[in-house]
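Trainee: I should like to understand how the descriptive terms applied to this model follow from their definitions. May we take them one by one?

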Amino acid sequence: MNNLKISNLIALAFLFVMFSCTTPPKTKIQCYAWLGGPGNVTDTKIKAQFTDLKKKGIDGLMYSGGQNPETYQRVGKIAKEAGLEFHTWIPTLIQGINPKIKPEWYAVNGLCESALTKPAYAEHYKFVCPNREEVYQFLADMYGKIADIPEVDGIHLDFIRFPDVILAQGLWKKYGLVMDREFPQFDYCYCDKCVADFKAKTGIDIKAAKDPSQVQEWKQFRYDLITNLVNRLAEVVHSKNKQINAAVFPGPSVAKKLVRQEWDKWKIDAFYPMNYNDFYLEGTPWIGKMTKESVTALNNTKLVYSGLFICPDPKKKASEPDPENHGLLPEELEPAIRESMENGAAGICLFTPERMTPEHWVIFDKAIHATYTKK
Ligand SMILES: [Zn+2]
């Protein structure tokens, strides 16, 4: 063996040692989190919170901070410094009292009651009608201005739906209801424009129908109202080279039945189904079943991030009557993530990081770095 060969061998051995000492890149699933703010919190504190979330494995925020573009500019800058994607989470069809929104734009139920003056279920359920051109104009302007902000990566739609005509079963007790069928007080929208447009399109006078819940065309008309609105907003946001995505109900089978979202027809970039199993009195295998349905409905062509609802006080879950305080226990978090990933999710989204206990974070860290094989 001559010197040249020996030196080559040494070089090879050196390379081998170098590569074997370098740890392979750690796999990690894509993780988002729904987060509200900023209230009176200082920039320094926001930066510390965002840095901590990034360190824990969060890649991007769906951030809710009202409708003022300046808020998103300020917080978005901090998110970018912390290395986070920044999507603005702003409710679409729920709109509180606002001088820019006229009372007649609000949706009307089957008893002719306005969602402004007599909202269903809760005070904040003030839904506007998706069929009003003025509503579209208001939303296009509002989302458009926010999409113009350089620090904003995307617009995240929420409450992009009708009020729940059927509530998730886990909520029936809370509201003292048995929702085994559609009831007129929770059924929208019977405003003059919706009734007239439906008549013009189909010839059916929905106000004369004995049981509107049995009129398939009426269901489809309302799915289409939401779909058309979403697709028009998507054009606005895409024209600014920004992403648009949405928090949706599970399915879309559940979404169609409960809130009239036929979201597999939406031309948006990603979907965040709220696979909140406790609201449906289901366990973690249901999260997998729903994720599978979602990716299949989208023909595996769009990104699905499985929304996970976290229990903020695991010790009290069993004795807690309000389903809003239920959610995934630390020991349920790994199966919830696994079910999502094995069934085709592109990642997960936490509701919310603030509800996570230290025990949740320990399990989260292991689960997001595991390797999953799609079933
Ligand atoms: Zn209407």
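Mentor: Let us begin just after H2, where Gly57 takes a positive phi of about 115°. The model is a predicted one, in which local features need pLDDT of at least 70, side-chain atom pairs count only at pLDDT 80 or more, and totals for chains, interfaces and linings use all residues. Residues are numbered from 1 along each chain as its sequence is written.

Trainee: What makes H2 a helix of the expected span?

Mentor: Helices are DSSP runs of H or I with at least four residues, strands are runs of E with at least two, and both are numbered from the N terminus. The expected span is 1.5 Å times one less than the number of residues. For the 14 residues of H2 (residues 43-56) this gives 20 Å, and the end C-alpha atoms are 20 Å apart, so the two agree.

Trainee: Which residues of H2 are called buried, and how do you know on which side they lie?

Mentor: A residue is buried if 20 or more other C-beta atoms, placed from the backbone, lie within 10 Å of its own, exposed if 12 or fewer, and partly exposed in between. Ile46, Phe50 and Leu53 are buried. They cover an arc of only 60° around the axis (taken from the directions from the helix axis to the C-beta atoms), which puts them on the same side of H2. On the other side, Thr44, Asp52 and Lys55 are exposed.

Trainee: Against what do the buried residues of H2 pack?

Mentor: They pack against strand E1 (30-36) and helix H3 (69-81); a contact requires C-beta atoms, placed from the backbone, within 7 Å.

Trainee: Why is Lys317 called partly exposed?

Mentor: Lys317 has 15 other C-beta atoms within 10 Å, and is therefore partly exposed. Its place is in the loop between E7 and helix H10 (330-342). Lys317 touches Cys311, His326 and Leu329, not counting residues up to four places away in sequence.

Trainee: How do you know that E5 and E6 pair, and in which sense?

Mentor: Pairing requires that DSSP find at least two bridges between the strands. Strand E5 (residues 243-248) and E6 have four, in the parallel sense, and Ala247 stands opposite Tyr272 in E6.

Trainee: What joins E6 to E7?

Mentor: Two bridges join E6 to strand E7 (residues 303-309), and these strands run parallel. Phe271 stands opposite Val304 in E7.

Trainee: What is covered in strand E6?

Mentor: Both faces of E6 (residues 270-273) are covered: Ala270 and Tyr272 are buried on one side, Phe271 and Pro273 on the other.

Note on methods: Contact = placed C-beta atoms within 7 Å.
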